[in-house]
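Here's a walk through the structure, starting with a helix pair and working outward from there. Keep the sequence and the 3D view open while you read.

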Amino acid sequence: MTKSQNSSNIIQHRIDMDLLKRSIAGVFIYAILLPIIFYFYDFYLQEPEISWSITIAMAVISFFRFSHYFFTKSLYPYSAKLWLAIFSVLSLSQAAILGIVFALSVGEPRFSLITNVMFLTIGGLAGGALTALMPRLWLAIINLLFLLIPGAVVSLNIPDHTGFAVLIMIYFTYLFTLGLRSNSEYLRAFEIEFQLEQQRSELEQLNKIDPLTHIYNRGHFNTAYEHQWNNGIRNQHQQSLLLIDVDKFKAINDNYGHLFGDECLIYIAKNIHDTAQRKTDIIARFGGEEFAVLLSDTSQEEAISIAEAIREKIAEQPFVLNKTTLTITVSIGVASIVPQRSINPNQLIENADKCLYQAKNNGRNNVHYKK
């Protein structure tokens with residue numbers, strides 16, 4: 001998946017979640033609105049079967065809409081298209097029922113008790129639905145059609161109701177135009193907000209990254225280390241740390257220049273990154289020619305194995321730059337500990353540093369750990 005596709009998916013997800021949040025009030029309103037109208041205008045006494053049928057239908061759909069809302073976290077990742085299709089069918093089903101009741105209140109004498117209140121109700125619901133469904137303009141427009149057009153069509157076929165049809169169509173046209181403009185403004189504001197968040201996220205990421213080696217810097221390592229230490233206390237997970245130092249790096253800089261030395265550090269960082277590949281592994285430039293690898297929930301034996309793999313990978317593959325070939329080696333100190341509240345959080349770093357110092361004294365190009 002390309003970066004643009006990923007950004008598009010993120011935007012669509014946020015739009016759909018905004019759509020869901022805006023529409024949740026309608027789940028409850030649509031379930032109780034018609035029963036309230038039927039009761040207070042005595043329509044349920046005149047037409048009990050119709051009243052109960054419509055009430056039950058709206059309540060059942062609201063129940064499914066609430067279930068859809070409840071299962072969104074599992075359904076949406078499975079299929080965003082299926083999620084939206086279910087949302088649309090359920091939402092438009094209630095709009096269709098309301099539109100039919102509105103049309104009957106206009107053209108059917110048995111519904112004359114609720115004619116006036118249905119005009120007011122549909123007018124208010126149409127405006128509210130437009131706002132709620134604004135993230136998906138096509139859905140908002142279809143909803144308006146289902147709510148308003150049945151009443152307009154019926155009014156056109158009744159001689160003394162032609163004025164109603166004209167008013168309904170004027171109102172529909174007004175809402176349609178308002179919807180087009182509002183949706184454009186909504187999407188523009190949404191895109192600007194998303195771009196600002198992306199820029200903020202990129203700046204935060206840049207603050208974590210060492211500009212030369214493109215791995216984490218010391219600042220981020222310190223933050224991650226504190227988090228992992230506290231997590232280790234809570235879960236009693238063993239934490240391991242590798243401190244890696246490039247052997248005779250000063251001589252490399254003196255003999256080949258600092259630019260060559262910089263390329264060496266980039267090469268070392270890449271090899272470490274290629275070896276410690278777990279998502280939870282924190283690889284950072286610790287300072288100068290030193291690197292750190294923080295291994296969460298990792299035993300000392302596992303950490304030693306990773307350290308040896310890093311050492312061998314670097315030593316066995318000579319570094320080549322501008323026809324210059326150089327064998328580079330590293331010394332590695334390994335330490336492991338199960339964090340406790342009674343232990344100084346820096347103890348793991350101090351232990352790894354002592355082991356690194358011993359690895360240097362042992363002749364370099366080796367891994368040392370506390371037995």
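In this predicted model, the axes of helix 5 (residues 80–107) and helix 6 (residues 115–132) come within 9 Å and cross at roughly 145°. The crossing of helix 5 and helix 6 is left-handed. On the helix 5 side, the contact is built from L98, V101, F102, S105 and V106; helix 6 brings in T115, M118, F119, I122 and L125. Sort the residues of this contact by class and you get eight nonpolar, two polar and no charged ones.

**Zooming in on the helix pair**

Two residues from that contact make good places to park the camera. Take M118 on helix 6. Which residues does M118 touch, not counting those up to four places away in sequence? The list is L34, I37, L98, V101, F102 and S105.

Now hop over to V101, which sits in helix 5. Is V101 buried or exposed? V101 has a relative accessibility of 2%, and the cut-off for buried is under 20%, so V101 counts as buried. Skip the residues up to four places away in sequence, and V101 touches L34, I54, I114 and M118. For a long-range reference point, try A189: V101 and A189 are 88 residues apart along the chain, and their C-alpha atoms are separated by 37 Å.

**The cores**

The largest nonpolar core has 50 residues, and within it L34, L98, I114, M118, L147 and L148 touch the most other members. At least two residues of this core come from each of helix 1 (3–40), helix 3 (48–70), helix 4 (72–78), helix 5, helix 6, helix 7 (137–156) and helix 8 (162–208). Which helix supplies the largest share of this core? That would be helix 5, with eleven residues. Another core lies apart from this one; it has 31 residues, including I252, L326, I328 and V334.

**A few residues worth a click**

T55 is found in helix 3. Its relative accessible area is 17%, and since buried means under 20%, T55 falls in the buried class. Leaving aside neighbours within four places in sequence, T55 is in contact with P35 and F38.

N231 has its place in helix 9 (residues 218–235). With a relative accessible area of 19%, N231 is buried too, because the limit is under 20%.

E302 belongs to helix 12 (residues 300–316). Is E302 buried, exposed or partly exposed? A relative accessible area of 43% makes E302 partly exposed, because partly exposed is what lies between under 20% and over 50%.

If you'd like some distances to check in the viewer, here are pairs with their separations along the chain and in space.

| Pair | Apart in sequence | C-alpha to C-alpha distance |
|---|---|---|
| E302 and D281 | 21 residues | 13 Å |
| N231 and I244 | 13 residues | 24 Å |
| T55 and G128 | 73 residues | 21 Å |

**Positive phi in the loops**

Turn next to the backbone of N322. Its phi is positive, about 50°, although N322 is not a glycine. Where is N322? The answer is the loop between strand 4 (319–321) and strand 5 (324–326). N322 counts as exposed, because its relative accessibility is 68% and the cut-off is over 50%.

N365 also has a positive phi, near 50°, and is a residue other than glycine. N365 is found in the loop between helix 13 (347–361) and strand 7 (367–369). With a relative accessible area of 27%, N365 is partly exposed.

**Cysteines**

How many disulfides does the count come to? It comes to zero; a disulfide here would need a pair of cysteine sulfur atoms within 2.5 Å. As for burial, C264 has a relative accessibility of 1% and counts as buried. C355 is buried as well, with a relative accessible area of 6%. Both values fit the buried class because its limit is under 20%.

Methods:
Residues are numbered from 1 along each chain as its sequence is written. This is a predicted model: local features need pLDDT of at least 70, side-chain atom pairs count only at pLDDT 80 or more; totals for chains, interfaces and linings use all residues. Side-chain values use heavy atoms; hydrogens and water are left out. Buried means under 20% relative accessible area, exposed over 50%, partly exposed in between (1.4 Å probe, protein chains only). Axes are lines fitted to C-alpha atoms, for helices over the stretch in contact, and angles run from 0 to 180 degrees between N-to-C directions. Helices (H or I, at least four residues) and strands (E, at least two) are DSSP runs, numbered from the N terminus. A crossing is left-handed if the near helix is turned anticlockwise from the far one by less than a right angle, and right-handed if clockwise. Contact means heavy atoms within 4.5 Å. Ala, Val, Leu, Ile, Met, Phe, Trp, Tyr, Cys and Pro count as nonpolar, Asp, Glu, Lys and Arg as charged, and the others, Gly among them, as polar. A nonpolar core is a set of buried Ala, Val, Leu, Ile, Met, Phe, Trp, Tyr and Cys residues joined through side-chain atoms within 4.5 Å.
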